[in-house]
Amino acid sequence: MIKFENSNGYIEITNNYFEKLVGQVAQSCFGVTGMVNSNPMQSLKSIITSKTKAADKENYNRGVSVKSINGSLVIDLHIAVSYGVNINAIASSITNKVRYSVETVTDLKVSKINVYVDAIN
């Protein structure tokens, strides 16, 4: 749960909301083929929930971690990319697009975005 206060009052936003927002934005970037589980708990969750087709389509929070540190957000992304694409260009594109989207939608400052490119066989 991420909590902050602005001129309109006290606001709480769930991590699940941030993870879905960031996952949708990251997956819409050119060259990203998908999100990769970032820890064993996400892997276990995806195995359990993959029984339904709807869970596969709406699993945007896979590979996303959002933390609030001193009033700023730190976002970790684990992605898989297409073969032959420039990884630096993709990471830069994702960083810019995610930062812009989160700051525009939530009015919160994003201090750091870590993009991890994982190999998929």
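Me: In this predicted model, what makes helix H1 oblique to helix H4?

Reply: The axes of H1, which covers residues 15-27, and H4, which covers residues 87-106, cross at roughly 140 degrees and come within 9 Å. Angles over 145 degrees count as roughly antiparallel and those from 65 to 115 as roughly perpendicular, while the rest, apart from angles under 35 degrees, count as oblique. A crossing of roughly 140 degrees belongs to that remaining group, and therefore H1 is called oblique to H4. As for handedness, H1 passes H4 in a right-handed crossing.

Me: Which residues make the contact between H1 and H4, and how many of them are nonpolar, polar or charged?

Reply: From H1 the contact uses Tyr17, Phe18, Leu21, Val22, Val25 and Ala26, and from H4 it uses Ile94, Lys97, Val98, Ser101, Val102, Val105 and Thr106. Sorted by class, the contact has ten nonpolar, two polar and one charged residues.

Me: Why is tyrosine 17 called partly exposed?

Reply: Buried means under 20% relative accessible area and exposed means over 50%, with partly exposed in between. Tyrosine 17 has 38% relative accessibility, which lies between these two limits, so tyrosine 17 counts as partly exposed. Tyrosine 17 sits in helix H1, and, leaving out residues up to four places away in sequence, tyrosine 17 touches Val105 and Thr106. The C-alpha atoms of tyrosine 17 and asparagine 61 are separated by 8.7 Å, although the two residues are 44 residues apart along the chain.

Me: Why does glycine 63 count as buried?

Reply: The limit for a buried residue is under 20%, and glycine 63 has 0% relative accessibility, so glycine 63 counts as buried. Glycine 63 is found in the loop between helix H3 (53-57) and E4. Its C-alpha atom is 7.8 Å from that of glycine 23, a residue 40 residues apart from glycine 63 along the chain.

Me: What makes tyrosine 83 exposed?

Reply: The limit for an exposed residue is over 50%, and tyrosine 83, at 85% relative accessibility, therefore counts as exposed. Tyrosine 83 is placed in the loop between E5 and H4, and, C-alpha to C-alpha, tyrosine 83 and threonine 33 are 9.5 Å apart in space while being 50 residues apart in sequence.

Me: Is aspartate 107 buried or exposed, and how do you know?

Reply: Aspartate 107 has 62% relative accessibility, and because the limit for exposed is over 50%, aspartate 107 counts as exposed. Aspartate 107 lies in the loop between H4 and strand E6 (109-117), and although aspartate 107 is not a glycine, its phi is positive, at about 65 degrees.

Me: Which residues touch the most other members of the largest nonpolar core?

Reply: Of the 24 residues in this core, Ile75, Leu77, Ile94, Val98 and Val102 touch the most other members. At least two residues each come from strand E1 (2-6), H1, strand E3 (32-35), strand E4 (64-69), strand E5 (72-81), H4 and E6, and H1 gives the most, with five residues. Leaving aside neighbours within four places in sequence, valine 98 is in contact with Val22, Val25, Ala26, Ile75, Leu77 and Ile113.

Me: How many helices and strands are there in the protein chain?

Reply: The protein chain has four helices and six strands, which follow the pattern β-β-α-β-α-α-β-β-α-β when read along the sequence. Of its 121 residues, 36% count as buried.

Key: Residues numbered from 1 in each chain as written. Predicted model: local features only at pLDDT ≥ 70, side-chain atom pairs only at ≥ 80, totals over all residues. Heavy atoms only, no water. Axes fitted to C-alpha atoms, helices over the stretch in contact; angles between N-to-C directions. Left-handed = near helix turned anticlockwise from the far one by under 90°. Contact = heavy atoms within 4.5 Å. Nonpolar A, V, L, I, M, F, W, Y, C, P; charged D, E, K, R; others polar. Buried < 20%, exposed > 50% of the residue type's maximum accessible area, 1.4 Å probe, protein only. Core = buried A, V, L, I, M, F, W, Y, C linked by side-chain atoms within 4.5 Å.
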